[in-house]
Every structure is written in structure tokens, then in C-alpha cells.
Amino acid sequence: MSDLRRFLSLLGARAGSLLLGVLASVVIARALPPDGRGTYYMAVAVAAAATALGHLSVEQAQTAQWADPRLRPALAANGLPLGLGIGTASAALALLLAHLATDTARLPGPWLLVTACAGVPLATAVLYTNNTALLGSRPHLAGRAALAGSAAQCGTLLALGATGRLTVHAVVACWLLAPAVHLFVLAVAERRAAPGRPSLPLARATCGKGLRLHPGSAASYLLLRSDLFVLNTLAGPHAVGLYTLAVTLAEFARLAVGVLWQSSLSGQFADSVTDPAAHTARTTRLMLALALASAFTTSLLAALLVRPVYGPAYADCAALVALLAPGVALLAAGRSLATHLVRVGGTRHTVGPAVGALALNTALNLLLVPRFGATGCALASTVSYTALALVQARLFVRLTGTPWRHLLPGAAELAGPLRRRVRHPAG
């Protein structure tokens with residue numbers, strides 16, 4: 001499959017998944033008030049935190065080890081069992097910690113958290129198997145599996161909403177369907193496309209390498225989601241309900257950017273690419289051009305559509321999207337640089353920037369949320385996301401000797417990034 005076809009195929013699947021996600025958010029918003037949405041989202045946030053903080057950065061280790069073609073079949077075969085095992089341990093630890101912090105952090109009830117955390121092993125396995133599919137030039141499989149999961153979740157939500165049975169607990173239960181169906185479809189497809197046998201020694205080596213990278217990965221996740229816990233503690237579930245809807249809508253700003261990164265990921269490891277740094281710089285230029293256009297379009301559509309689609313109770317989300325979208329898009333535009341740093345830069349070039357951005361984000365949230373609520377949270381996010389993207393670009397420039405101007409989109413990228421191919425590095 002050519003790079004352009006791969007990109008368009010994955011873009012279609014991702015766009016379909018995101019549109020189904022937006023439809024699901026409309027159904028939830030119409031069925032639940034902001035307080036109810038906030039309660040649901042905090043339960044899901046605990047499960048997502050367990051996945052992100054407990055996955056041991058195995059997917060980054062897979063990316064680093066993928067450079068050796070001899071390891072690839074076993075790396076792909078290890079994804080499912082590793083994900084289910086590590087995810088189960090993460091879920092158990094998360095439930096224990098949540099039990100200890102329920103009163104202090106205003107977390108939802110135990111049965112809601114148990115339901116949400118049942119999805120942690122599934123989501124962890126999805127993360128690992130998805131990554132090997134992308135590395136193996138099979139992004140269309142990952143895209144189709146994600147679309148199937150989103151369709152199952154959205155269809156069930158619509159059915160329950162139509163019959164008036166959409167409660168907070170039902171919404172959390174429906175959330176489990178997305179990773180369950182995603183994993184089933186992807187595991188079956190991957191087994192047919194890339195059969196291999198699991199390797200316990202390789203699994204130990206992968207986990208060991210992942211653990212060395214994990215502080216940076218954990219900090220990157222906390223940068224994206226720790227603000228929810230600060231906002232919930234300082235402002236309550238109503239503010240969380242508004243803010244999380246804004247985050248959902250702001251994700252549109254990284255749709256095309258993320259797809260371009262995924263479709264070009266295997267190219268960073270292809271034997272035919274003689275200059276990976278130039279290939280990465282070219283991809284980054286295209287991603288940045290898409291990011292600028294996406295942030296503007298997302299903000300404009302939110303201003304026009306939030307009130308009529310979601311209702312007056314969520315009208316303030318439009319302003320939050322306008323604050324979030326630029327930072328979300330710029331952070332997505334740096335993914336190709338981050339991948340290159342994982343491959344050649346060492347842990348200090350991935351851990352340090354993520355920890356620094358997290359510290360900045362936490363300090364800004366503690367300063368701004370008590371005074372400005374969800375608005376302060378959105379502003380803190382965009383400032384810290386932009387800072388991380390700039391630091392990653394600076395490190396890439398320093399390590400590779402690439403001029404800064406080679407990371408900035410020119411007339412060709414701004415005029416039509418989707419018409420260009422991403423396989424061959426810039427001259």
C-alpha cells in the first residue's frame with residue numbers, strides 16, 4: 001500500500017472513530033447533566049490513568065527494538081499476553097489506590113470504578129498490539145479495529161439512550177465495549193497478517209527497556225490528564241463535565257496530524273530511508289501545517305455548533321476548545337520528533353522534557369484553577385503542551401544538526417499537505 005493510500009485509509013478510519021465518539025458524547029450530554037458527565041468521566045479517567053501509568057512503556061520499547069528485523073515477529077506475538085497480564089496488575093493497583101483516596105479526591109463509588117477498571121487489561125493490550133501493527137506498516141488494520149470498537153460503543157449508547165436507560169453506570173459499561181471489540185478485531189487480523197510465537201526472554205528484555213523509558217511516558221500522560229484530578233478536587237464534577245467535553249472536541253485538532261504520524265511511522269525504520277533525520281523533518285513540516293489548519297477549523301466549528309448540538313448547559317465549552325486546540329495540535333505535530341528521540345536520543349532526551357512540562361502544567365493548574373476554573377485548566381494545558389513541543393524540536397535540532405527552518409512548513413506544505421507523499425526525505 002502506498003504512503004498516500006495508507007494515510008487516506010487510516011484517516012478515514014480515524015475520522016469515523018472520532019465522529020462516532022462525538023456522536024456518543026452528544027448522546028451522553030443529552031442524557032446526563034454536566035455533573036453526571038463529570039462523574040462518568042472521572043471513573044473512566046481512573047481506568048485511563050491505570051493504563052497509562054501501568055503499561056511500563058512497553059510500546060516505546062517495542063519501537064526501539066523494531067529496528068532489528070529478527071525481533072519483529074516475536075515482538076508482535078508478545079503484545080497480547082503482555083498487555084493482558086500487565087493491564088490486570090495495573091487495574092488491581094489502581095483500585096487499591098482509589099479506595100485509599102476516594103474521600104480526598106472526590107472519586108466516584110467503588111462499583112463504578114471496578115466497572116471502569118475492567119477495561120484496563122483490554123486497553124493495555126490494545127496499546128501494544130496497535131503499536132506493532134503501525135510499526136509493521138499495517139495502520140489500516142489498526143484503523144479498522146478502532147472503528148469497529150467505536151461503532152460497538154456508540155451503537156449501544158444510542159440503543160440505551162433511545163429507551164431512556166442511559167445512566168452513569170451504563171455509560172461506563174458501554175465504554176468497555178470500545179477496547180474489547182478493538183482488541184478482538186486487531187488480534188485476529190494481526191495473527192493472520194504477522195504470525196509469530198511469543199518469546200519470554202524478549203518479553204523480559206522489552207519490559208526492562210520500557211521501564212527505563214517509563215518515567216518520561218508517565219510524565220507525558222500526566223501532562224495530558226492530571227489536570228482532570230486537580231480540576232475535580234478544586235472545582236468539582238460540574239467543571240470536569242464542561243472541560244472534558246471541550247477536550248473531546250479539541251481532539252479534532254489532532255486527527256489528521258496523528259494519522260499522518262501513524263502512517264509515516266514505519267518509514268522512520270524503513271531500510272530504504274537513508275537519512276531518518278531528514279525524513280522526520282519533512283514529516284514534521286507536514287504535520288505542523290496540518291496542525292495550524294486543524295486548530296483554526298476546530299475552534300471555529302466549536303463556536304458555531306456547541307450550543308445547538310449539546311445544549312445551553314454546555315455553551316461555555318466553545319471558549320475552552322479555542323484555548324485547548326492550539327496546544328493539542330502543536331503537541332501532536334511533535335510526535336515524529338519524539339519518535340526519533342526515542343530511537344536515537346536516549347532516555348534523558350525523552351524523560352527530562354516530559355517531566356519538565358508536567359511540572360509546568362501542575363504549577364499553572366494550581367495557580368489558575370482556583371481563580372478561573374476550567375478556563376485556567378485549558379490555558380495551563382496549552383502553555384505546557386507548546387513548551388514540550390518546542391523543547392522536543394530543540395533537542396532534535398541539536399542532536400541531528402537539522403536547521404530550525406527545516407521544521408517549519410513552507411509554501412508547498414501550507415498549500416496542500418495532503419497532496420504530498422511522506423516516504424522520501426527532503427532534499
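One aromatic pair is present in this predicted model. Its members are Y40 and Y41, arranged edge-to-face, with 6.0 Å from centre to centre and 85° between the planes. Both Y40 and Y41 are buried.

The interior can be followed through its nonpolar cores. The largest of these has 65 residues, and L231, Y243 and Y310 have the most contacts inside it. Leaving aside residues up to four places away in sequence, L231 touches G236, A239, V240 and Y243, and also V369, G373, A374 and C377. Y243 thus appears both among the residues with the most contacts in this core and among the residues that L231 touches. Separate from this core is a second one of 15 residues, which includes V257, A325, A329 and A333.

A332 lies in helix α14, which covers residues 317-333. A332 counts as buried because its relative accessible area is 7%, under the 20% limit. Along the chain, A332 and R254 are 78 residues apart, yet their C-alpha atoms are separated by 5.9 Å. A332 touches R254, and it also touches V257 and M287, again not counting residues up to four places away in sequence. Of these contacts, V257 is included in the second core.

The surface offers a contrasting case. F296, L300, L301, L304, L305 and V309 form a nonpolar patch there, with about 570 Å² of accessible area together. One of them, L301, is found in helix α13, residues 276-310. L301 has a relative accessible area of 44%, so it is classed as partly exposed; the exposed class begins over 50%.

Conventions
Residues are numbered from 1 along each chain as its sequence is written. This is a predicted model: local features need pLDDT of at least 70, side-chain atom pairs count only at pLDDT 80 or more; totals for chains, interfaces and linings use all residues. Side-chain values use heavy atoms; hydrogens and water are left out. Rings of Phe, Tyr and Trp (its six-membered ring) pair if their centres lie within 6.5 Å; planes under 30 degrees apart count as stacked, over 60 as edge-to-face and the rest as tilted. Buried means under 20% relative accessible area, exposed over 50%, partly exposed in between (1.4 Å probe, protein chains only). Patches are made of residues with over 30% relative accessible area and no salt bridge: like charges are joined within 9 Å, nonpolar side chains (Val, Leu, Ile, Met, Phe, Trp, Tyr) within 5 Å. Accessible areas come from the Shrake-Rupley method with a 1.4 Å probe; for residues, only the protein chains shown count as cover. A salt bridge is a side-chain nitrogen of Lys or Arg within 4 Å of a carboxyl oxygen of Asp or Glu. Helices (H or I, at least four residues) and strands (E, at least two) are DSSP runs, numbered from the N terminus. A nonpolar core is a set of buried Ala, Val, Leu, Ile, Met, Phe, Trp, Tyr and Cys residues joined through side-chain atoms within 4.5 Å. Contact means heavy atoms within 4.5 Å.
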